[in-house]
Amino acid sequence: MREQDARSEPAVNPSGHSAASPEKDSGKGLRQRAEALASEKAGGMPENLEALSPEAARLALHELRVHQIELEMQNEELRRTQQQLEASRERYFDLYDLAPVGYFTLNEQGLILEANLTAAKLFGVARGVLIKQPLSRFILPEDQDIHYRHRKALLETGTPQSWALRVLKKDAVPFWVRVDATAAQGADGTSVWRAVVSDITESKRAERALQTTNAELQEFAYALAHDLQEPLRMVVNFSQLLAEEYAGKLGEHADKYVAYAVEGALRIEGLQQGLLNYLEATERDGHRLSPVDCNRVLSQALLSLQTVIQQSRAAVTSDPLPTAVGNEAMLMHLFRNLIGNSIKYKGAAEPAIHISALRTAEGWLFSVRDNGVGIDPTDAEFVFGMFKRLHGKEIPGAGIGLTLCKKVVERHGGRIWVESEAGRGSVFKFTIPTEGPR
């Protein structure tokens, strides 16, 4: 055991200074503490070990064996812990370094402190090149402002941020990525932020292709609906002339057939005009949003409905309405269709319609209340569908008005619904976010 102890002695520096290695410093300190404890415990033992009784020697030997077994058990436990740590490191490598998205840790100035292998591959550089570099170095100049604003909001508010921008890659065209960032705290207590960066180039291409296709379809639909006006007007006019001039001259069956033709032509004309209004209100110039005085918009809608209001003796009242961020033409169509719908589906009493608005957490909440025939709650969603009508031919219409209202509200980032019961009137409600759609 003396030889073993000698081998365990820490190496002595010939210069007299302690070794710089932390492991050696730790071993030396441990040895000093162990020797101190050994001296303390040996204080009560006789100097002459041969003077020990056989019983005392047996107990001392037993104690040494127990300590040896304890050390072996501790070594085994340390070995198992080491194996578990190695396994954890391997799992960490798989989950972090080989993840399908790039992981970054950055300081408040935007310098990259840490990045996984996927991040390096995404940007086309070695991982070491990323460290201590600003993330903005890899961002297209035109998108720098987007990155700066979201990073500023993240650091000032602590609210997670998400944004899309284009990234430069060596010897390649810029590509789109999505950044999802959260604020965090580093191991040393400093403020950092972590970002998950994923390649969304393909989804952006698909989005652009879909937008192009939709734009082409909208233009085609608008042109078709517009160009059909003249020939359809001719069909309606001549069908009506035929019905007037030859009434009773072609026989009872002929009169009936001509009446059917006139009715069908008028319905087609109504559908065509409704579709044209829908396209004009929701697709053309629909993205131009600005602060709009809703009192003025309501006045314009009422002016366009003046004849209908007078004929039905409707009373239309309103509370003061706010200024909202929206498209004036689209909002005018929205009010006109909701008020016109309330007049069209009036009850036995003269129509009474009231428009109001209040501010909520969701934005401006508008209400259009009437005393009409009402709607069964089971049909509350049905009425907003294209060409969906509850009353058949009893009440004229194309079934497009409420669909247009829904489209306009959604274009503004809000939602629309109806609260009603059959025979008890209806309240159409819709929201317009205070800061416009997001």
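A residue counts as buried when its relative accessible area is under 20%, as exposed when that area is over 50%, and as partly exposed in between. The exercises below apply these terms to a predicted model.

**Exercise 1.** Determine what share of the residues of the protein count as buried, and describe the surface that the protein exposes.

*Solution.* Applying the cut-off of under 20% to the 438 residues of the protein, one finds that 31% count as buried. Turning to the surface, the protein exposes about 28,000 Å², of which carbon and sulfur atoms supply 55%.

**Exercise 2.** Check whether the span of helix α12 (residues 328-344) agrees with its number of residues, and then establish how far the helix is covered.

*Solution.* The expected span is 1.5 Å times one less than the number of residues, so the 17 residues of α12 should span 24 Å, and this agrees with the end C-alpha atoms, which are 24 Å apart. As for cover, twelve of the 17 residues of α12 are buried, among them Met330, Phe335 and Ile343. At the start of α12, a side-chain oxygen of asparagine 327 comes to within 3.2 Å of the backbone nitrogen of alanine 329.

**Exercise 3.** Classify leucine 241 as buried, partly exposed or exposed, and place this residue in its surroundings.

*Solution.* The relative accessibility of leucine 241 is 38%, and therefore this residue counts as partly exposed. Leucine 241 lies in helix α8, which covers residues 229-245. Together with Met234 and Phe238, Leu241 forms a nonpolar patch on the surface, and the accessible area of these residues together is about 300 Å².

Definitions and conventions: Residues numbered from 1 in each chain as written. Predicted model: local features only at pLDDT ≥ 70, side-chain atom pairs only at ≥ 80, totals over all residues. Heavy atoms only, no water. Patch = residues over 30% accessible without salt bridge, like charges linked within 9 Å, V, L, I, M, F, W, Y side chains within 5 Å. Areas by Shrake-Rupley, 256 points an atom, 1.4 Å probe, with all protein chains shown as cover. Salt bridge = Lys/Arg side-chain N within 4 Å of Asp/Glu carboxyl O. Helix = DSSP H or I, 4+ residues; strand = E, 2+ residues; numbered from the N terminus. Buried < 20%, exposed > 50% of the residue type's maximum accessible area, 1.4 Å probe, protein only. Polar contact = N/O pair within 3.5 Å; in protein donor to acceptor, adjacent residues only side chain to side chain.
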